[in-house]
Amino acid sequence: MSNRKFNGAVLDITTLPTEPDHERTFHLDLIAPDDLKTAVMAVPEGSDIPVDITVHSLIDGVLFQANATVDLHAECVRCLDPIKISRDIDVSEMFFTPEAIARMRDEHGDEGVEGLEVLEGDKIELEPLLRDNIVTSFPYQPLCSQDCQGLCDVCGEKWANLPDDHKHELLDPRFAKLAGFFDKVDSEQKES
Ligand SMILES: [Zn+2]
Ligand SMILES: [Zn+2]
């Protein structure tokens, strides 16, 4: 496949016989688009997404199985250090022929076919399948390491770089107010 675009990617399964129990494998090298991301993680635009696919013909349709590898970039939610990891994504989906769907609807009603994927001709739309599985695999709160101590609330330094006894002498809030009062008097005196 010469078209490496992730968005709109389609797999042509014309070569898969319609009789049951045949298998075809495909390898695609897709390129990450600029919108494969959440608020906390992103697959960097332009990075490679190798995808290995096996399609298997069954009596009622086609079993689609894929494995994709993606690079992920994020910031640690505690210390804001950059995180770069690579992740394997497995996708498995059954596509039913329209005939199979019609038969199941006859047997079990509309509820029986709710949410089932329908095989439309010789094409399988890859983008939604891959996108859903990639984005849902992102950690909700990425961490540089499970025991990351984060940053000091006061000075913003990483705890990992600070001595164990690091602390700040905090003014009593009542004195802080007074200090502010004296600053004000001071500047007013300068103005007059
Ligand atoms: Zn961290
Ligand atoms: Zn500090």
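1. Overall architecture. Read from the N terminus onward, the protein chain runs through the pattern β-β-β-β-β-β-α-β-β-α-α. This amounts to three helices and eight strands. The model is a predicted one, and the points below should be read accordingly.

2. Chain-wide totals. Of the 192 residues in the protein chain, 30% are buried. Among contacts with a separation of 6 or more, 60% join residues 24 or more positions apart. The accessible surface of the protein chain is about 12,800 Å², and carbon and sulfur atoms contribute 49% of that area.

3. First zinc site. The zinc ion (ligand 1) has as its protein donors the SG atoms of Cys76, Cys79, Cys144 and Cys148, at 2.2 to 2.3 Å. The angles among these four donor atoms span 105 to 116°, and the site is tetrahedral. Along the chain, the donors of the zinc ion (ligand 1) show the spacing C-x2-C-x64-C-x3-C. Within this set, Cys79 and Cys144 link distant parts of the chain, 65 residues apart. Cys79 belongs to the loop between β5 (61-75) and β6 (82-96), whereas Cys144 belongs to the loop between α2 (126-136) and α3 (173-191).

4. Accessibility at the first site. The two linking cysteines fall into separate classes of exposure. Cys79 has a relative accessible area of 5% and is therefore buried, the limit being under 20%. Cys144, with a relative accessible area of 38%, is partly exposed.

5. Second zinc site. For the zinc ion (ligand 2), the protein donors are Cys152 (SG), Cys155 (SG), His166 (NE2) and His168 (NE2), at 2.0 to 2.3 Å. The site of the zinc ion (ligand 2) is likewise tetrahedral, with angles of 100 to 114° among its four donor atoms. The donor residues follow the spacing C-x2-C-x10-H-x1-H in sequence. Cys152 and His166 both lie in the loop between α2 and α3, so this pair ties together parts that are 14 residues apart in sequence.

6. Accessibility at the second site. Cys152 and His166 are both buried. Cys155, by contrast, has a relative accessibility of 38% and counts as partly exposed.

7. Disulfides. Cysteines serve as donors at the site of ligand 1 and at the site of ligand 2; the structure holds zero disulfides.

8. Helix α2. The buried residues of α2 are Leu126, Glu127, Leu129, Leu130, Arg131 and Ile134. In an α-helix there are 3.6 residues a turn, so residues three or four places apart point the same way. The cover over the buried residues of α2 includes β1 (10-12), β2 (23-31), β4 (48-58), β5, β6 and β8 (123-125).

9. Surroundings of Ala68. Ala68 sits in strand β5. With a relative accessible area of 1%, Ala68 is buried. Apart from neighbours within four places in sequence, Ala68 is in contact with Ile49, Pro50, Val51, Arg87, Asp88, Ile89 and Leu130. One of these partners, Leu130, is among the buried residues of α2, and β5 is part of what covers those residues. Asp90 is 22 residues from Ala68 in sequence, yet the C-alpha to C-alpha distance between Ala68 and Asp90 is 6.6 Å.

Technical notes:
Residues numbered from 1 in each chain as written. Chains lettered and ligands numbered in written order. Predicted model: local features only at pLDDT ≥ 70, side-chain atom pairs only at ≥ 80, totals over all residues. Heavy atoms only, no water. Donors = N, O, S within 2.8 Å, 3.2 Å for Na, K, Ca; no water. Tetrahedral: all angles 85-135°; square planar, octahedral: opposite > 155°, others 65-115°. Helix = DSSP H or I, 4+ residues; strand = E, 2+ residues; numbered from the N terminus. Buried < 20%, exposed > 50% of the residue type's maximum accessible area, 1.4 Å probe, protein only. Contact = heavy atoms within 4.5 Å. Disulfide = S-S within 2.5 Å. Areas by Shrake-Rupley, 256 points an atom, 1.4 Å probe, with all protein chains shown as cover.
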